[in-house]
Amino acid sequence: MKALQDKIIKDGKVLSAEVLKVDSFLNHQIDPELMQQIGQEFADLYKDAGLTKIVTIESSGIAPAVMAGLILGIPVVFARKRKSVTLTDNFYSAEVYSFTKQVSSDISVSKDFLNKDDVVLIIDDFLANGEAAKGLLSIVEQAGATTSGIGIVIEKGFQPGGQALRDQGHRVDSLAIISSLENGKVQFA
């Protein structure tokens, strides 16, 4: 997706050979026009998939997921990373390790919002080692629902997550795939 690649080049900051900071448009401050374009791209890719829900993880996956959900006319469910006083039982859960934060979290989704009749698109902001996607896939599987695909805004193609998910037979659609962050420069696949 050219608009996304252009934004990454213009406003992304390479912090190391493994870390790209995009908090000026995706992870902290959100560029609504770009998110609408991202949502449209995912909607176009999955318009014929019979989707009933989009599932994401808080918090950076919410903006692109909501835009896609709005265009597709379907609800968005986000997995919570923190325990909520209102979500005490009757939920699906999985453990997820964050490459960026270097910490494991239990994520959860209420059983009220995901069931065996759902056809799901998983959307997330980044794909590095695939841990968040694996956790969301586990939750969808626990619900007995069907995963149609995994939509990723930015994939770090030089890390193993995307290939591992594809090797397991999952459809993965990444809007920007980065092949390298070496020498402080973003290279796209």
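**Helix α3, the open sheet and the annotated binding-site residues**

Helix α3 comprises 15 residues (residues 32-46), which at 1.5 Å a residue should span 21 Å, and its end C-alpha atoms are indeed 21 Å apart, in agreement with that expectation; the expected span is taken as 1.5 Å times one less than the number of residues in the helix. The model is a predicted one, in which local features need pLDDT of at least 70 and side-chain atom pairs count only at pLDDT 80 or more, whereas totals for chains, interfaces and linings use all residues. Residues are numbered from 1 along each chain as its sequence is written, and side-chain values use heavy atoms, with hydrogens and water left out. Helices (H or I, at least four residues) and strands (E, at least two) are DSSP runs numbered from the N terminus.

The N-terminal end of α3 is capped by D31, of which a side-chain oxygen lies 3.1 Å from the backbone nitrogen of E33. Within α3, the residues L34, M35, I38, G39, F42, A43 and Y46 are buried, where buried means under 20% relative accessible area, exposed over 50%, and partly exposed in between (1.4 Å probe, protein chains only). An α-helix has 3.6 residues a turn, so residues three or four places apart point the same way. The buried residues of α3 pack against the helices α1 (2-11), α2 (23-27) and α4 (62-72), and also against the strands β7 (119-127), β8 (146-156) and β9 (172-180). One residue of α4 is M67, which is partly exposed, with a relative accessible area of 22%. Leaving aside residues up to four places away in sequence, M67 touches P32, M35, Q36 and G39, a contact being defined as heavy atoms within 4.5 Å. The C-alpha atoms of M67 and S110, which are 43 residues apart along the chain, are separated by 22 Å.

An open sheet of mixed pairing is formed by 6 strands in the order β4-β3-β7-β8-β9-β10, with β4 and β10 (187-188) as the edge strands, each of which pairs on one side only. Two strands are taken to pair if DSSP finds at least two bridges between them. Strand β3 (residues 53-57) pairs with β4 in the parallel sense over 4 bridges, and β3 is joined to β7, again running parallel, by 3 bridges. Residue I54 has a bridge partner in each of these neighbours, namely V76 in β4 and L121 in β7. Along β4 (residues 76-79) the side chains alternate, such that V77 and A79 point to one face and are buried, while V76 and F78 point to the other and are not. A separate pairing involves strand β5 (residues 91-98) and strand β6 (residues 103-110), which run antiparallel over 8 bridges, S98 having V103 in β6 as its bridge partner. These two strands, β5 and β6, form a hairpin with 4 residues between them, and Q102 in the turn has a positive phi of about 55 degrees.

The unreviewed UniProt entry lists L20, N27 and K156 under "binding site", and the lining of the largest pocket takes in L20, N27 and K156. Annotations of this kind may be inferred rather than shown by experiment. On a 1 Å grid over the protein atoms alone, a pocket is an open set of points where a 1.4 Å probe fits, with protein on both sides within 12 Å along at least five of seven lines, and lining residues have an atom within 4 Å of a point. N27, placed in helix α2, counts as partly exposed at 28% relative accessibility, and K156, in strand β8, counts as buried at 5%. The side chain of K156 reaches the backbone oxygen of E18 at 2.6 Å, a polar contact being a pair of N or O atoms within 3.5 Å, of which, within protein, one must be able to donate a hydrogen and the other to accept it, with residues adjacent in sequence counted only if both atoms are side-chain atoms.

A further "binding site" annotation in the unreviewed UniProt entry covers A128, N129, G130, E131 and A132, and the lining of the largest pocket includes A128, N129, G130, E131 and A132. N129 lies in the loop between β7 and α5 (131-143) and is partly exposed at 28% relative accessibility, whereas G130, in the loop between β7 and α5, is buried at 4%.
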